[in-house]
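Let's take a walk through this one together. Have a look at the fold first, and then we'll go through it piece by piece.

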Amino acid sequence: MKTLKKVGTVILAGLFLVSCVPLKSNGNKGLPPGQVKKVTGAKSAKHYAPGHNK
């Protein structure tokens, strides 16, 4: 029973630690859409801006 509690505590602590890791939503390596446009040479930054779709 003690072993089960220890294993459960370790798993729970691991889940708490993993849930605190920030996730990046875009694949632009942290650059704003205008900067990605400059790097790629595109004419519009619309494709690199999430949520700005026409």
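Before we start, one bit of vocabulary: a residue counts as buried under 20% relative accessible area, as exposed over 50%, and as partly exposed in between. Keep in mind, too, that this is a predicted model.

With that in hand, try Leu-31, which sits in the loop between α1 and α2 (33-40). Its relative accessibility is 38%, so Leu-31 counts as partly exposed. Leu-31 is 17 residues from Tyr-48 in sequence, and their C-alpha atoms are 9.7 Å apart in space.

Now step back to the whole protein. Its secondary structure amounts to two helices and zero strands. Of its 54 residues, 6% count as buried. The accessible surface comes to about 5100 Å², and carbon and sulfur atoms account for 66% of that.

Helix α1 is worth a slower look. At 1.5 Å a residue, its 18 residues should span 26 Å, and because the end C-alpha atoms are 26 Å apart, the model agrees with that expectation. How many of the 18 residues of α1 are buried? The count is zero, so to speak a helix that is hardly covered.

Leu-15 belongs to this helix, which covers residues 2-19. With 53% relative accessibility, Leu-15 is over the 50% cut-off and therefore counts as exposed. Leu-15 also has company on the surface: together with Val-7, Ile-11, Leu-12 and Phe-16 it forms a nonpolar patch with about 510 Å² of accessible area. As a general point, an α-helix has 3.6 residues a turn, so residues three or four places apart point the same way.

Conventions
Residues numbered from 1 in each chain as written. Predicted model: local features only at pLDDT ≥ 70, side-chain atom pairs only at ≥ 80, totals over all residues. Heavy atoms only, no water. Patch = residues over 30% accessible without salt bridge, like charges linked within 9 Å, V, L, I, M, F, W, Y side chains within 5 Å. Areas by Shrake-Rupley, 256 points an atom, 1.4 Å probe, with all protein chains shown as cover. Salt bridge = Lys/Arg side-chain N within 4 Å of Asp/Glu carboxyl O. Helix = DSSP H or I, 4+ residues; strand = E, 2+ residues; numbered from the N terminus. Buried < 20%, exposed > 50% of the residue type's maximum accessible area, 1.4 Å probe, protein only. Expected span 1.5 Å × (residues − 1).
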